[in-house]
Each structure stands twice: as C-alpha cells, then as structure tokens.
Amino acid sequence: MIDNKTLKWLLEVWENFGYESFKLEVKELGLLKKGFTITEIRKTILEDSELMHDYIQETAFIIRRLPHKG
C-alpha cells in the first residue's frame, strides 16, 4: 500500500508537470521496485474520491485542479 502523502504528491506532479513526469516520479520513488505498476498507481489515484476532490480528469492523461469559487 502506498501512503496518501505519496499519492497526493504524485497527483500534484501529474497535474503540474504532466503524465510523463508522473511516471518518472513513480520510478524515482522506487515504487516499481516495490511491485507496484504505473497503471495500478494511476487507477488508485483516480478512484480515490478524497484525493481527487479538488481535481478533474480532463482526458486519460490530463489532470487539472478545479478552480475554487470564492
């Protein structure tokens, strides 16, 4: 299991730097060596309503933070 702090970090990397950077960060964190796959991590993030609360998935590989209404 990957902790929520790490998943949140990966989501922020994905939103700010794109999916390719997300994949590189997964590798850098050593998560592939721990038996996780990029697909599993991506699916875990997208299916976690708490993590995705402020985000929207625009396409299969593009995530955007929702603007806050003030």
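## Starting with H68

Where is H68 found? Look in the segment after β2. Bear in mind that this is a predicted model.

Is H68 buried or exposed? H68 has a relative accessibility of 61%, so it counts as exposed, the cut-off for that label being over 50%. If you compare H68 with E50, the two are 18 residues apart in sequence, and their C-alpha atoms sit 16 Å from each other in space.

## Helix α1 from end to end

Now for helix α1, which covers residues 4–17. Its 14 residues, at 1.5 Å a residue, should span 20 Å, and the C-alpha atoms at its ends are indeed 20 Å apart, so expectation and model agree.

At the start of α1, D3 points a side-chain oxygen at K5, coming within 3.1 Å of that residue's backbone nitrogen. Just past the other end, G18 adopts a positive phi of about 100 degrees.

## The two sides of α1

Which residues of α1 are buried? They are T6, L7, L10, L11, V13 and W14. Looking down the axis of α1, you'd see these buried residues fall within an arc of 160 degrees, so they line one face of the helix. Over on the other side of α1, K5 and N16 are exposed. That makes K5 a residue to look at twice: its side of the helix is the exposed one, and its backbone nitrogen is the atom that the D3 side chain reaches.

What do the buried residues of α1 pack against? Their partners are two helices, α2 (19–28) and α3 (38–47), along with the strands β1 (55–59) and β2 (62–65).

Methods
Residues are numbered from 1 along each chain as its sequence is written. This is a predicted model: local features need pLDDT of at least 70, side-chain atom pairs count only at pLDDT 80 or more; totals for chains, interfaces and linings use all residues. Side-chain values use heavy atoms; hydrogens and water are left out. Helices (H or I, at least four residues) and strands (E, at least two) are DSSP runs, numbered from the N terminus. The expected span of a helix is 1.5 Å times one less than its number of residues. Buried means under 20% relative accessible area, exposed over 50%, partly exposed in between (1.4 Å probe, protein chains only). The arc is that of the directions from the helix axis to the C-beta atoms. Contact means heavy atoms within 4.5 Å. A polar contact is a pair of N or O atoms within 3.5 Å; within protein, one must be able to donate a hydrogen and the other to accept it, and residues adjacent in sequence count only if both atoms are side-chain atoms.
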